[in-house]
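Welcome! Here is a short tour for anyone meeting this structure for the first time. Take a look at the sequence and the model, then read on.

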Amino acid sequence: MGIAHLLVGNHGRALVHQEEVLKQLDHVHSPTLKAVLLCDIGANFNHFGTPHDALTFLGQALAVTVEHDLHFSRILVRENLGQTLLQLGRLEEGEHFLKEGLDEAVAGGYDRWEAYLRCTLGEHLAMTGDVQAGYEHLIRATQVAQHVKDSYLASTSASTLGRALRRLGQLEDACHHLEMGLRIAQDADLLGPCKLAHQELSELLAQQGNFEKALRHFQQFHELAMKVQLEESRRHAQLLILQQELDREREQSESHRQTNDELRRAHSVMQRQAEELTRLASEDTLTGLANRRQFMRDLAVKKADGTSFAVTLIDVDHFKSVNDCFGHPVGDQVLIKLGQLFSQHTRADDAVARIGGEEFAVLLAVPDAVRAREVAERIREAVAAHGWNEIAPELAVTVSVGIVLGEEAEEQDNLLRLADARLYEAKQSGRNKVV
């Protein structure tokens, strides 16, 4: 019942049913049922925007599947666990669980789950820089999704594949797959995938210089975004009406009044979490900086407005050694402090983002290479001079920096590739350098 309410947008009732499941969980004797219930609860917490809570239940679900050797349930749990860890910024662990789940899905012949896992893993790899591996997973996900006739998955896989191909510079193939994803979504009346496909097509066509067609897709994306917003407002209104009806029907019963209070609290929580999800969509969870997606949007805007700028890629030197010697909690504190230092040594017009595990990017509003290098050197020196022993004794941190001016390449991806090459040169020449 909780899942049914969630699917139709009755989030308050879904939360009430979920709490009832938790109360009865100790009385469930079937390992398979217990694992699935724990997994569903974890997935719902993710939907509610509380991944840390989701992680608790998904960890319990995984333990049950391992203890009782539940193959299919283990695939389901690993897929949700992988997504949750990626959402929390724990990328290596998230990839590990997704790959384990994928291996089991392939070995067990669970085609639909193979496609879901490949789609999730492929999109993550493409977004974090391993574009070729992500592309290969997405190709396979698209093929499997079409084979099992899952419209949502087929549309999402095709659109995500189109985005990956765009990153590879294969614009015609990218357009083909995005249009395929759009057709599948339109045929199945899937608002979310339609919106995604229109947005991606708008950006791709603008990149190709076909601004008239790009504008049409952008207008359709905007209309769908408004429709989704209106639909969410309608669902919230339905929930409020439901609460009023429950108040009238149950005002004489203490237990019913308590249920209504829970519904009201759940609704308030859901509103706050919806606002938080909007923020998290463009923010790195750990550091509070912009994430890669937001950085790419900022870069596109900067490229379009014609003003001078520079892209600075920053990578932490020997960060794996920091995690190995001092532990991941210390590594997380280092990343948080680095984000603060980068923000302190840039201006309000600059954009600082965390775009990968230990990789940061700064979009500098500067007129020339001399000014860009001054800022980059200031950042590098501030990191090297910082008192890192406040975090852990004998801890030292340095960064390597690669700079590219906005005028050095037309395409965003080419700019980033050039900056990455210079970052690699800085590392090869001894690290703690700016190139």
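Val311 has Val404 of β4 as its bridge partner. In this predicted model, strand β1, which spans residues 310–316, pairs with β4 in the antiparallel sense over seven bridges.

These two strands belong to a wider arrangement: an open sheet of four strands in the order β2-β3-β1-β4, with antiparallel pairing. Strands of a sheet pair through backbone hydrogen bonds, either parallel or antiparallel. Which strands stand at the edges? They are β2 (351–354) and β4 (399–405); each has a single partner strand, so one side of each is left without a neighbour in the sheet. On average, neighbouring strands here are turned by 15° against each other, direction ignored.

A helix joins the picture too. Helix α17, residues 369–385, lies across β1, β3 (359–364) and β4, and runs at about 165° to β4.

Now let's visit two residues outside the sheet. Asn291 sits in the loop between α13 (254–280) and α14 (292–305), while Gln412 is found in helix α18, residues 412–428. Are they buried or exposed? The table gives the values.

| Residue | Relative accessible area | State |
|---|---|---|
| Asn291 | 15% | buried |
| Gln412 | 18% | buried |

Both count as buried because their values are under 20% relative accessible area.

What do these residues meet? The side chain of Asn291 reaches the backbone nitrogen of Arg293 at 3.3 Å. Gln412, leaving aside residues up to four places away in sequence, touches Met296, Leu299 and Ala300.

How values were computed. Residues are numbered from 1 along each chain as its sequence is written. This is a predicted model: local features need pLDDT of at least 70, side-chain atom pairs count only at pLDDT 80 or more; totals for chains, interfaces and linings use all residues. Side-chain values use heavy atoms; hydrogens and water are left out. Two strands pair if DSSP finds at least two bridges between them. Axes are lines fitted to C-alpha atoms, for helices over the stretch in contact, and angles run from 0 to 180 degrees between N-to-C directions. Contact means heavy atoms within 4.5 Å. Buried means under 20% relative accessible area, exposed over 50%, partly exposed in between (1.4 Å probe, protein chains only). A polar contact is a pair of N or O atoms within 3.5 Å; within protein, one must be able to donate a hydrogen and the other to accept it, and residues adjacent in sequence count only if both atoms are side-chain atoms.
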